[in-house]
Structure formats: C-alpha cells, structure tokens
Protein chains: 2
Amino acid sequence: MNKILRGLAPVLAAATALYPALAADEAAVLKTPAQVVAAAPQADWKPIAPSDLLVMDLAPDGDDEPRRVVIQLMPAPFSQGWVENIRKLAAAHWFDGIAVVRVQDNYVVQWGDPEGENPDKAKPLPEGLTVMSEADYTARASEATAPELREKVKALENLAQMMSNVSDLAPVEVLHGRDPYALATGFETGWPVASDGKDLWPTHCYGSVGVGRNVSPDTGTGAELYAVIGHAPRQLDRNIAVVGRVIAGIGLLSSLPRGTGELGFYETPEERTPIVSVRMGDTVPDLPAYEYLATDSASFAAYAYTRANRKDAFYIQPAGGVDVCNAPVPIREVKP
Amino acid sequence: MNKILRGLAPVLAAATALYPALAADEAAVLKTPAQVVAAAPQADWKPIAPSDLLVMDLAPDGDDEPRRVVIQLMPAPFSQGWVENIRKLAAAHWFDGIAVVRVQDNYVVQWGDPEGENPDKAKPLPEGLTVMSEADYTARASEATAPELREKVKALENLAQMMSNVSDLAPVEVLHGRDPYALATGFETGWPVASDGKDLWPTHCYGSVGVGRNVSPDTGTGAELYAVIGHAPRQLDRNIAVVGRVIAGIGLLSSLPRGTGELGFYETPEERTPIVSVRMGDTVPDLPAYEYLATDSASFAAYAYTRANRKDAFYIQPAGGVDVCNAPVPIREVKP
C-alpha cells in the first residue's frame, strides 16, 4: 500500500467515519438496529428540552381526529438566527391560522401565509426578526462550541491539507465515510452534519425542517417552513437554512394529498390544510417527554454499524455502508 | 500527484462517474434540470413498450376519483424470473381483489393477498411460477447482454485489480462516483444500477418496486410487491429483487394513510385499499404512451450534471455531486 495513503488512514478514520467508534460489539452484527436501540442503556439517551420543541396542531382530519406534529429546533451553532425568529413567531402566535400550501411528492410539505406573496393581504410579521446572511447556512470552526465539532473540523482541515499533497483526485475517502455531496458526514450532538473540511452544516434528510425563501440573496425569515417527505434533497444543503426536524407526526404531513399546481402548490384554498396553532413545547400541557440517542455513545455507534451491515434472518448481503440520512437518529417518547 | 493514482484517473472516470459524459455543455451549469430535460431532442427519448407496463387500478378514493398506478417492469438482465412470474399473475388476473396491506412511513407501500400467510384462506397461485435463487438478485458480467453493461463491468474489474495494488483503503473513488453502498453507481438502459466491480444490480430508489418475501432463503414469487415511498433503502439492494418502478401515480400510493401496526401493516381490513385490477399495458385501452430519457444520451449527461451542480437563480452553492437515487430518470407521457 502506498505509504502516504497509509499515513492518512487514521486521519481518514477519525475525520470521515460515520460511526464514532467502529469497535462495535461483534455481536451487534447479528442484531437488528431496532434491537440495538432497545438495548441502549438509559445513560445513552439524552432529554430534548420542551423549550426546543415546536408543537404544530393541524386542523382535525376528515374523521375529526386531532393531528399534532412535533418539531425539534436545531441547536447552536447552526441556523440560530432563524431559530430565534421562529421562537418569536411562535410566541406571537403568528403561525396560528396559516396553512399547508404545498405538497410536492418525493420532496417537501410546505406551510406559511397563503397570502404571503401579496403585499396588500400578507399577514404582518412581528417586529424584530433578524435578517440572516447566506454565510449563515453553515457554521465555521471558530463558531463551533462543542469540543467534538472543533475536533472534527481540525481533523478535516488536516485531511484536506494532506490530501492536497498526494492527489488531485481528492477527496479520497474510506468506504464508510464516503458521501456523494460532501467530504465527510457524521453526527454532531444528535444531528446529521456534513463538512467540506472547512465549514460544517446540517444536512437535508427525511423529516428535516427548513426555511422557505425567495431567490438568492433572500434567506427567508422562518415564517414559511417546509419538511422533507422524500429522498434526501442534499442539493439544498448550504442553500437553505435547516432549522429542525419532525420528531413526531411526520406521517400526518407525508400522507397529505399532493398538490397539482406547479411545484406541488395547491391550486385552490379548499385543498390547503389549516394550521390551528403552533406553540413552544414548554407552554403545552401534557406534552410527552422526548429523548434522543446520544450520537457520541457506544449504542449509537452500534446502531449505525448495524444500519450499514444488516446480517440478520432477513438480510443475506450487508451493504457495508450507509448514508448519513439512512441512519436517522433514534428518538423516543419517555414513558412516565 | 501520486503516479499510480494518476494512472487510475481515466479508469475511475469511466467506471465510477455518474454522468456518462462529463463534457456537458458549460451552459448547462446555468440551466435547471427541468430546462435541460425540456430541451432534450426527440432522438434522446426512448419509447417504453406498453407490454412492459403493469397498470394497477386501486379502488376509487373518497371522492370517487379513479386511482391508477403505472409500473414499468425491469428489463433483462435483471430479475427476469420474478418479472415473468408477475406477467403470469397479471395474465391470470390473480392480482384483482387483493389490497394494499402495509404503508410504513419513509419506507414502503406493500400490496398482496391479505390472507397470504394463512394456508387455509390464501388465494391459490397460478401454476408454473418460477422459484428464483438469491444469486439472481444481481446480474453477472456473463449474463449482461447490453454492450455498455459489459464495458462497465470490465472497467470495474480493471479498477478493482489496480486498486488492490495500490491501497488497502480501497475502494477510493473520484468525487462524482462515490457512493456509500457500492463501488460504483450509474445508469444502464434507463435504470439506476450499482456494482462492486463483479456483479451489477438495480438499486432501491424512491418509486422502485420490489418483491416481498419471507426470511432467507425465501426469495418471493412476485405475488406480493412493494413500492419505495421514502429515502432510498439501499440496504435492500442485493437482498430483495427489484422488478420495476412506478412511472405514474406514485403520489396515490405515497399519500395513503400510514399503518399503525408493526412495520406499518394495517390493523383492520377496513384500512386497506382494495386493488380492483392489474393488467399488462398492451391490454389496456387508451393508455398514454410513455418515454424515458436515454441514459446514454448527451441530454441525460447534462441533466445529471445539473442535478449535481445546481447554480441557477435559487442555488448559491452547487453540491458538486449527486447520488444515484437523486437523479431520477426522466419519464414523460407522450402527447398524441
């Protein structure tokens, strides 16, 4: 094996592996991801603060059943200006009475003010919303507060430097770190992220929530939001702010009738699904508590490993890899 | 740059590039994928034979609107035993009266005989169905009839040989060819495929149709089918037979209510969506004609390039890559 490449191996492993620790219990190979998650000790589960939850109640369905969607907002250092705007909009009850206006198959469900593009009829926004910059779609090393984030950025910077010395086919990657869209992918305090070795950014996966906007240089306020309901549209990464993810009720959004207008917009007001209210989780009575599986835990490493290497009674051929959006971070309701 | 790596460059380009020709018109960078497809000359569109279409009519919806789903069956050399079984089942009208029994969010919609697991009540299968082997989940070079398939396999074999000489970090890949699940991905006569350099297989993408089965070594007959309605479950590749793809009406399946039982199975018969009939396209009156964009055409190369490098009024940061399931092969209805 080429000596320079050999020297790169530990750097590559540290910087690009999807699994924080590859030393997953060998027995994990024979378990399903669901079994690994079920066996995770309580210490590997982290609480999600109710103050970071957005509780969106759609109008009841045709059978008069309630429809509640719960969204977890993105933590620092990502997209915080938009997240603060969303907190202000929820506190002002601004979202109450808007609607789902667009459902495009294999892409997004989008909600906002149906009259948002009409200056005469648009619902006025609260004062004091922050105008964010396109540079804020990513976080830079200097902004990263979590130590594991800084470490990953440093490893990637080293990697980029070493790679530029050996190959203009760069980036090369080890099997488990490769990704069609970025130099590296991984998980940061419970969220899927990608990096080019300089910046880090949250990825668009199934269930991700992002900020609708007009053409560049508009960056959106957070008053118009969408959730991904199809194959991960990773081309949106670094082009739109990701502000959260749906942690409960995604099926209520993904099963809405598809819009027949351009880009899946509904053509008549009757087709829209009204949004009754959006509240912060810490103001909603009897909301269940939620936890996520810590992505720096041994349990998560084993989970990601089994997602990549299914070899149980059903699977005969382990894939040997998994993409960052195909190992969704396990989230559970806590039984009281 | 390392000399051996430099020597690999053309092999890598030939074997792993998602775009058959990277020399896409520079102007394409400024066009959207939809514009590239709209500009494709008629010569780049290929007809889909009606005899390769499965026309599935679901029971009308709550507003008594008809619900038709059209599935294109997989061509040789992939999965042909199962495809032949499905043709026999359709000819015998065996599918008529079965139902959608499972809708699992971000995964699959599945249809079959609701009593299929009950020996006393199961609908008898027609005689003469072929029992396929697990080895048939992939096609080998010797089975590949299309010249471009043979060429790709050969290039990948060369690549695997050269790689083993230079690196135990193998496989290394160029940016645009990398994939978390396989050595290489690409398109073969209009279908997304992946390879390990030895075998080729069709990939599980959004809209792919596969054959439900029990635990290994069962391989399924084709009487129970599913369509992917979420992020590409590529871990199923080489573990289940892919037999086709939905080319019209996928939104009718993906918007069905999610099942609340284990794995998204419906818990009561009332929740199921009945399938009225399934017929081969050449027996269905007034079926529209369909065409696909030839994947070895310059138009498709430009389309894939723009999918990977969005840089129009909306996008500020081209991804620089795209995964094989995020560049769906364009299919259109032909206006008579």
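**A note on the aromatic pairs, cavities and helix 6**

1. A good place to start is the trio A:Phe187, A:Phe300 and A:Tyr303, which together make up one aromatic cluster. Please keep in mind while reading that this is a predicted model. Counted over all chains, the structure has ten aromatic pairs.

2. How are the rings of A:Phe187 and A:Phe300 arranged? Two values describe any such pair: the distance between the ring centres and the angle between the planes. For A:Phe187 and A:Phe300 the centres are 4.8 Å apart and the planes stand at 70°, so the pair is edge-to-face, the cut-off for that class being over 60 degrees. The two rings bring together distant parts of the chain: A:Phe187 belongs to strand 7 (residues 184-188) of chain A and A:Phe300 to helix 6 (residues 298-308) of chain A, 113 residues apart. A:Phe187 and A:Phe300 are both buried.

3. Now have a look at chain B. There, B:Phe187 and B:Phe300 also form an edge-to-face aromatic pair, with 4.8 Å from centre to centre and 70° between the planes. This pair too links distant parts of its chain, since B:Phe187 sits in strand 7 (residues 184-188) of chain B and B:Phe300 in helix 6 (residues 298-308) of chain B, 113 residues apart. Are these two rings buried or exposed? B:Phe187 has 10% relative accessibility and therefore counts as buried, the limit being under 20%. B:Phe300 is buried as well, with a relative accessible area of 0%.

4. Helix 6 of chain B deserves a point of its own. Ten of its eleven residues are buried, which leaves the helix mostly covered. Among the buried ones are B:Ser299, B:Phe300, B:Tyr303, B:Tyr305 and B:Arg307. What do the buried residues of this helix pack against? Their partners in chain B are helix 2 (33-38), strand 7 and strand 14 (289-293).

5. Two charged side chains are worth finding on your screen. In chain A, A:Arg245 lies over the face of A:Trp191, 3.8 Å from the ring centre. In chain B, B:Lys123 lies over the face of B:Trp94, at 5.4 Å from the ring centre.

6. Next, the empty space inside. Rolling a probe the size of a water molecule over the atoms shows where such space is left. Searching the whole structure turns up three cavities of 30 Å³ or more. The largest cavity holds about 80 Å³ of space. Which residues come closest to its centre? Of the 13 that line it, they are A:Tyr181, A:His231, A:Asp323, B:His231 and B:Asp323. By character, the lining of the largest cavity splits into five nonpolar, two polar and six charged residues.

7. For a wider view of chain A, you will find six helices and 15 strands. Chain A has 336 residues, and 58% of them count as buried. Among its contacts with a separation of 6 or more, 75% are between residues 24 or more positions apart.

8. One last spot to check is B:Thr283, in the loop between strand 13 (273-280) and strand 14 of chain B. Why does B:Thr283 count as exposed? Its relative accessibility is 53%, and the class begins at values over 50%. B:Thr283 and B:Ala91 are 192 residues apart in sequence, while their C-alpha atoms are 9.7 Å apart in space.

How values were computed
Residues numbered from 1 in each chain as written. Chains lettered and ligands numbered in written order. Heavy atoms only, no water. Phe/Tyr/Trp six-rings, centres within 6.5 Å; stacked < 30°, edge-to-face > 60°. Helix = DSSP H or I, 4+ residues; strand = E, 2+ residues; numbered from the N terminus. Buried < 20%, exposed > 50% of the residue type's maximum accessible area, 1.4 Å probe, protein only. Lys NZ or Arg CZ within 6 Å of the ring centre and 35° of its normal. 1 Å grid on protein atoms, 1.4 Å probe; cavity = no way out; pocket = protein on both sides within 12 Å on 5 of 7 lines; lining within 4 Å. Points joined across faces, edges and corners; volume = space filled by probe spheres on them. Nonpolar A, V, L, I, M, F, W, Y, C, P; charged D, E, K, R; others polar. Contact = heavy atoms within 4.5 Å.
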